[in-house]
Amino acid sequence: MTSPSPSVTASPDLEAAVSEAVATGIPAALADLGDLVRIPGIAWPAFDQDQLVRSADAVAALAEGTGVFESVRVLRAAVPGTDELGQPAVLATRKARNGKPTILLYAHHDVQPPGDDALWETPPFEPTVRDGRLYGRGAADDKAGIMAHLASLRAVSETLGEDLDLGVALFIEGEEEYGSRSFGQFLSDNEDALRADAIVVADSGNWDSQTPGLTVSLRGAARFTLTVRTLDHASHSGMFGGAVPDSMMATIKLLATLWDEQGSVAVDGLAARDAETPEYGEETLRDEAGLLPGVVPAGDGPILSRIWNKPSITVIGIDATSVAAASNTLSPETTVVVSARVAPGQSAQDAYAALQEHLRAHAPFGAELTFSDVDLGNAFLVDTSGWAVGLARGAMADGYGREAVDLGVGGSIPFIADLVETFPGAQILVTGVEDPHSRAHSPNESLHLDTFRHAVATEALLLTRMNEITL
């Protein structure tokens, strides 16, 4: 088979009609997005799981309402190694006709917990528009991704009608924020229904609110729980302090060995990728990340290289005596959760092995270390020579009115490795509706409304142009 041209377009009149249908449909899409944001669908067991079911049902109803699909189902898959089922996902499918390709559209309907409501300027599950942005938990990550898919499908279906021959599989996961525990099994259970020539993962970001980004690299992840023990029971800090190293002292000294004085990772065996990055200065970093005045950036080398191409280590949780319950006691045991980001090109397993070796070698005072709850996800690099990448770049240029920037992403989407393994012939396009000020996972998460409009226009053009291809 000869690969399709990456510069395929439809007739100007058809593309203009699709763009008009997109513009007309944006108010309804935003209203539907607001309804989804109102549903607090969180996959953590501590939260009301009925809300997650409600969220899946709402997405399924929206997919059914497009009139595009031959089948719309809410499904669960087993969590390997347990007797549990994963969280509800939506799978909607239509078969390709007349030799046209099939595209798989991915997003997720579960969201992060809101955190402290007091830190939100408006309630997290009450969508609120101000200053050109829609605020609410999930407004950007990733319910906007769902609505970008559905709004583009509505516009294309409305315009093409019976001439829409493109195969489409819509997969809206229900546990991405909870580790995608059943993702691999879901792929295995539904492999035929999900098989596609191109896959759009709408769960990333853009260069800024006006400039599209095509994510071509993602760091991997190695997360684990570390318990440090130095005593078999707590003791009086006044009676024994100075001679007895408690677990907190040992933990602080041990964790400090993970970074050098500049804040660069100092673990032998953690690799870095050698790749150029766009210009990105400290002023931009301060604006986008919220660095306080006087706080200097960590690490060395170009800033984007630190974020995209080098490893990082963050302590994201700690179990220790709270401030409110503090007493003059030597603690016998301290537990932390360590989250490492792994540079593209290195396996997460190798990175975890290097971290484990480093920590064991640097354990102070002979402290006893225990590792548990290990969660690994490999990095991802896109083959940018494929025809689908070319189509995506062209659609982004026309949908946003600006050329796309190839992005690396410091975060991880570990399930992409499962997609690559299950569908090695598919071209994977990692896109998204977020911009650097979306604050995904944080209080006051928001969606830039113009970015959403451009993202829908882009995907509608991509679908329209793929419908012109015969494989």
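Modeller: Let's fix a term up front: a salt bridge here is a side-chain nitrogen of Lys or Arg within 4 Å of a carboxyl oxygen of Asp or Glu. By that rule the count comes to 19 salt bridges. This is a predicted model, so local features need pLDDT of at least 70 and side-chain atom pairs count only at pLDDT 80 or more, while totals for chains, interfaces and linings use all residues. Residues are numbered from 1 along each chain as its sequence is written, and side-chain values use heavy atoms, with hydrogens and water left out.

Colleague: What makes Asp165 and Arg97 a salt bridge?

Modeller: Their closest N and O atoms are 2.8 Å apart, and the cut-off is within 4 Å, so the pair qualifies. Asp165 sits in the loop between α3 and β6 (167–173), Arg97 in the loop between β2 (89–94) and β3 (102–108), so the contact ties together parts 68 residues apart in sequence. (Helices, H or I of at least four residues, and strands, E of at least two, are DSSP runs numbered from the N terminus.)

Colleague: Why is Asp165 called buried?

Modeller: Buried means under 20% relative accessible area, exposed over 50%, partly exposed in between (1.4 Å probe, protein chains only). Asp165 has 10%, so it is buried. Arg97, at 32%, is therefore partly exposed.

Colleague: How do you know that Asp406 and Arg393 pair up?

Modeller: Their closest N and O atoms are 2.5 Å apart. Asp406 lies in strand β16 (residues 405–409) and Arg393 in helix α11 (residues 387–400), so this bridge links parts 13 residues apart in sequence. Asp406 has 31% relative accessibility, which makes it partly exposed.
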